[in-house]
Amino acid sequence: GLYLSEGSVSEKWRRVKISQFTSGKADEMEKILDHLGIYFKRTTDGFRISNVQLVAYLKQFGHSHEKFVPREIKEASARQINLFIDAFILGDGCVRPLGPKYRFGARRLSTTSKQLADDLQELFLKVGSTALMGMDKRQTATFRGKQSPAKPQWILNESPRREVCVHKRRIEHYEGMIGCVT
């Protein structure tokens, strides 16, 4: 989750970089990396990991707009999938409080990869939740007080409801067998 939200690889330097400027989130990331037993260096803007094998594995995920969730995560237990989502949130997400009638807050994630957004939505379903997906099409973003061009972001908002809503529908004429998935 950490790499898919904030990671990049440098084949030239055989290094993995995980970016994080927020100290509280960086502290949580550091605990995860310590637990994994990976040698890393904490920097002012995140973490550097020099590991040739890790670079070779992670380069398959491409750049930020090409990333996807690997099959191993999609086939994991609900507990492991939730750990993955929580780690992803430490990079590109947050947990929003829902109010007194709900036990937990709702998780919100963002990515520039449509495939990764679809995969994350699938993971929410696998853990018994739903996630509404939308797009943030802002042309600029402010980061550390500076404005810069922004890529469109897919935003996923976890919903405490288990029902899935269809906002757009169309009627098509069809001849043949139709089955019900419920």
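**Close-up views of the predicted model**

**View 1. Lining of the largest pocket.** Seven elements each supply at least two residues of this lining: α1, β1 (7-10), β2 (15-19), α5, β6, β8 (140-143) and β9 (146-149). The model shown is predicted. About 1,200 Å³ of space lies in the largest pocket. Its lining counts 37 residues. Nearest the centre lie Ser 5, Glu 6, Asp 92, Phe 143 and Gln 153. By type, the lining residues of the largest pocket are 18 polar, ten nonpolar and nine charged.

**View 2. The second largest pocket.** This pocket has a volume of about 820 Å³. It is lined by 27 residues, and those closest to its centre are Gly 1, Leu 2, Ile 32, Leu 36 and Phe 84. Two or more lining residues come from each of α1, β2, α2 (23-36), α3 (52-58), α4 and α5. Helix α5 gives the largest share, six residues. The lining of the second largest pocket divides into 21 nonpolar, three polar and three charged residues.

**View 3. Helix α2 and its buried side.** The end C-alpha atoms of α2 are 20 Å apart, which agrees with the 20 Å that its 14 residues should span at 1.5 Å a residue. Which residues of α2 are buried? They are Ala 26, Met 29 and Leu 33. These residues cover an arc of only 60 degrees around the axis, so they sit on the same side of α2. The spacing fits a general rule. An α-helix has 3.6 residues a turn, so residues three or four places apart point the same way. The buried residues of α2 pack against α1, β2, β3 (41-43), β4 (46-50) and α5. Lys 31 and His 35 are exposed, on the face of α2 turned away from its buried side. Gly 37 follows the helix with a positive phi, near 75 degrees.

**View 4. Helix α6 and its packing partners.** Helix α6 covers residues 114-126, 13 in number. From first C-alpha to last, α6 reaches 19 Å, close to the 18 Å expected at 1.5 Å a residue. Its buried residues are Leu 116, Ala 117, Asp 119, Leu 120, Leu 123 and Phe 124. Seen down the axis of α6, they fall within an arc of 165 degrees, so they line one face of the helix. What do the buried residues of α6 pack against? The partners are α1 (2-6), α4 (71-74), α5 (78-92), β6 (106-111), β7 (130-136) and β10 (153-159). Just after α6 comes Gly 128, with a positive phi of about 85 degrees.

**View 5. Ser 64 in its loop.** Ser 64 lies in the loop between α3 and α4. Its relative accessible area is 34%, which makes Ser 64 partly exposed, as the value falls between the 20% and 50% limits. Leaving out residues up to four places away in sequence, Ser 64 touches Thr 111, Thr 112, Ser 113 and Lys 151. Gly 7 is 57 residues from Ser 64 along the chain, yet their C-alpha atoms are separated by 8.3 Å.

**View 6. The whole chain, for orientation.** The chain has six helices and ten strands. Of its 182 residues, 31% count as buried. Among contacts in the chain with a separation of 6 or more, 59% join residues 24 or more positions apart.

Notes
Residues are numbered from 1 along each chain as its sequence is written. This is a predicted model: local features need pLDDT of at least 70, side-chain atom pairs count only at pLDDT 80 or more; totals for chains, interfaces and linings use all residues. Side-chain values use heavy atoms; hydrogens and water are left out. Helices (H or I, at least four residues) and strands (E, at least two) are DSSP runs, numbered from the N terminus. The expected span of a helix is 1.5 Å times one less than its number of residues. Buried means under 20% relative accessible area, exposed over 50%, partly exposed in between (1.4 Å probe, protein chains only). The arc is that of the directions from the helix axis to the C-beta atoms. Contact means heavy atoms within 4.5 Å. On a 1 Å grid over the protein atoms alone, a cavity is a set of points where a 1.4 Å probe fits but cannot get out, and a pocket is an open set with protein on both sides within 12 Å along at least five of seven lines; lining residues have an atom within 4 Å of a point. Grid points are joined across faces, edges and corners, and a volume is the space filled by probe spheres set on the points. Ala, Val, Leu, Ile, Met, Phe, Trp, Tyr, Cys and Pro count as nonpolar, Asp, Glu, Lys and Arg as charged, and the others, Gly among them, as polar.
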